Amino acid sequence: MGIYRRLSDRLQANADRYGPIDGSLSLGRMGFIWLAANLVVTTMLTGTLFVPGMPWTTTIVLIFLGSLLGGIVLVLVGNIGTRTGLPTMSVAKGALGLRGAWVAVAANVIILMGWSWVQAMLAGLTVDYLVHSATGYSNPMLFAVLCQVLVIGLAIFGHEGIAKVEPWLGVAILACMGYVYVVAFTDLGLEPFLSLAVEPELGWTRLLVLDVVIATAISWTVLSADLNRLAGSQTAGIVGSGSGYVLSTTLSMSLGATAIAYVVISQGAAPSFDPTVLVANFGVPLAFVIFFSVMATNTMVMYGMVSSVINAAPLRRLEFLPCALVLGAISIVGATWFQLLDQFTNFLALIGTLFIPLFAIMIVDYYVAHRGDYSEDILLTEGGRYWYQEGWHTPALTIWAIGAFASLAFNLFIPSPVGASIATFVIAFGLYLAWTLANRSRQPA
């Protein structure tokens, strides 16, 4: 078997399960897809968390560094999608086993559900701001629920249209970014940002900021193989996704840091994870951009969540519509839990805890254990090379659990000199690499 081989015939025969493959997208097209995908309000608002807890210039540098480090993981996992044609959760079968990958699917659904709640709340807050400004009526919980109902309808009937519209929303957000930067630096100049007083009581450190930015990259890595399987070449996938992701994240988070710095400098207002703070200072057009970008992104999140569930082997007989309605109902209830916005950094830490060790294992398994080549057995539902112990690859699952516990320890009890994310990745990567090298007798796929 060649080291660079798609499973195209078998995958196309199962297009209803894995989705159609069009491995022809150019480097520029892949770069624009990743650029547009991450120009979202959640990424921008993440940047608002760091200032004035950290110096503005230090924040910008850490955002770029964290995006670069997290982007390496994103690119490596995405490249497996380019080489095999498999989506991310299907790639996990190689390391975890045909049944063990169900655990990854469950973790993915949990994270995507959380994202759907957060984004519905942000959309609800934005709509509530507009309605309250016009009528005096305010009910953000109601508007969050209504926004999520709209998202479910779009996920069921309009996800393909949203996918086509989202790049244009990315262009609109880029224009809005330029407007915000112009307003901020025209009104205040650069010096106030450089000399903005730091508030240590907010609890931010360089390593904590780095961890949050890396966790953001990991949250996108769950979709990296899904998107990069469309690339026409490894170069297009690697360079396109890497440059697009790093550029979009740096621009979006830096915009959030700059916008909240502007608010603090001009008004002395305390920072908060609230889009209306920015809308109040930069105008209603920003509210419309926020709302439509959240609707587009959340629709794809909901669609991806449903697809993950119905693609799981034991649930493969589930129909899309009933599954979408059940998960949609859960997402509507969760959209009323506004306290989650106060725990957003903990939510990002949870993403890192679940997925950083998993992606470290997947990278070692594909590039080292299987020498960059998975066989067609990975498409089976039972039996074959990836059946391991009744469908479960115990060593990989055990190391995943160790990595997750290590991440919790680094975040809660044991400070790491390099941050929780990097330390967790190194531990999981090192343990699985050691196990792989000690079991070289295992034949490649």
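Where is Pro-52 found? Pro-52 sits in the loop between helix H4 (41-48) and helix H5 (56-84). It's a good place to start, since the peptide bond from Val-51 to Pro-52 is cis, with omega near 10°. Keep in mind that what you're looking at is a predicted model.

Let's step back and take in the whole chain. The secondary structure amounts to 19 helices and zero strands. Of the 445 residues in the chain, 56% are buried. The accessible surface comes to about 17,400 Å², and carbon and sulfur atoms own 69% of that. Then there's the contact pattern: if you take the contacts with a separation of 6 or more, 85% of them are between residues 24 or more positions apart.

Now for the inside. In soluble globular proteins, nonpolar side chains tend to be buried together. Here, the largest nonpolar core has 119 residues, and the members that touch the most others are Phe-50 and Phe-355. Helix H7 (residues 101-135) gives the most to this core, with 16 residues. Which residues does Phe-50 touch, not counting residues up to four places away in sequence? Phe-50 touches Thr-59, Ile-63, Trp-204, Val-209, Val-212, Val-213 and Met-253. There's also a second, separate core of 14 residues, which includes Leu-25, Val-40, Leu-74 and Ala-236.

Next, the aromatic rings. The structure holds 20 aromatic pairs. Take Tyr-137 and Phe-143: their ring centres are 6.2 Å apart and their planes are at 85°, so this pair is edge-to-face. The two partners differ in how much of them is covered. Tyr-137 has 41% relative accessibility and therefore counts as partly exposed, whereas Phe-143, at 12%, counts as buried. The cut-off behind that second label is 20% relative accessible area, with buried meaning under it.

Tyr-181 and Phe-185 give you another geometry: their ring centres lie 6.2 Å apart with the planes at 5°, so the pair is stacked. Both belong to helix H9 (residues 159-188), and because they are four residues apart there, about one helical turn separates them. Phe-185 is partly exposed, with a relative accessible area of 28%. While you're on helix H9, look for Asp-187, which is found there too. At 48% relative accessibility, Asp-187 counts as partly exposed. Its C-alpha atom is separated by 9.4 Å from that of Ser-266, though the two residues are 79 residues apart along the chain.

Some rings go beyond a simple pair. Tyr-366, Tyr-367, Tyr-374, Tyr-386 and Tyr-388 are linked into a cluster by ring pairs. Start with Tyr-366, which is found in helix H17 (residues 344-369). Is Tyr-366 buried or exposed? With 1% relative accessibility, Tyr-366 counts as buried. Tyr-366 also brings together parts of the chain that are well separated in sequence: its C-alpha atom and that of Gly-94 are separated by 7.4 Å, with their positions 272 residues apart along the chain.

At another member of the cluster, Tyr-388, the picture changes. Tyr-388 lies in the loop between H17 and H18, and it is partly exposed, with a relative accessible area of 21%. Its backbone deserves a look as well: Tyr-388 has a positive phi of about 50° although it is not a glycine. What is the phi of Glu-390? Glu-390 has a positive phi of about 55°, and it is not a glycine either. You'll find Glu-390 in the loop between H17 and H18, where it is exposed, with a relative accessible area of 52%.

Follow the chain out of that loop and you come to helix H18 (residues 394-412), which is the place of Phe-405. Because its relative accessibility is 61%, Phe-405 counts as exposed. Phe-405 joins Leu-408, Leu-412, Phe-413 and Ile-414 in making a nonpolar surface patch of about 590 Å². So the walk that began at a cis peptide bond from Val-51 to Pro-52 ends at a nonpolar patch on the surface.

Key. Residues are numbered from 1 along each chain as its sequence is written. This is a predicted model: local features need pLDDT of at least 70, side-chain atom pairs count only at pLDDT 80 or more; totals for chains, interfaces and linings use all residues. Side-chain values use heavy atoms; hydrogens and water are left out. Patches are made of residues with over 30% relative accessible area and no salt bridge: like charges are joined within 9 Å, nonpolar side chains (Val, Leu, Ile, Met, Phe, Trp, Tyr) within 5 Å. Accessible areas come from the Shrake-Rupley method with a 1.4 Å probe; for residues, only the protein chains shown count as cover. A salt bridge is a side-chain nitrogen of Lys or Arg within 4 Å of a carboxyl oxygen of Asp or Glu. Helices (H or I, at least four residues) and strands (E, at least two) are DSSP runs, numbered from the N terminus. Buried means under 20% relative accessible area, exposed over 50%, partly exposed in between (1.4 Å probe, protein chains only). Rings of Phe, Tyr and Trp (its six-membered ring) pair if their centres lie within 6.5 Å; planes under 30 degrees apart count as stacked, over 60 as edge-to-face and the rest as tilted. A nonpolar core is a set of buried Ala, Val, Leu, Ile, Met, Phe, Trp, Tyr and Cys residues joined through side-chain atoms within 4.5 Å. Contact means heavy atoms within 4.5 Å.
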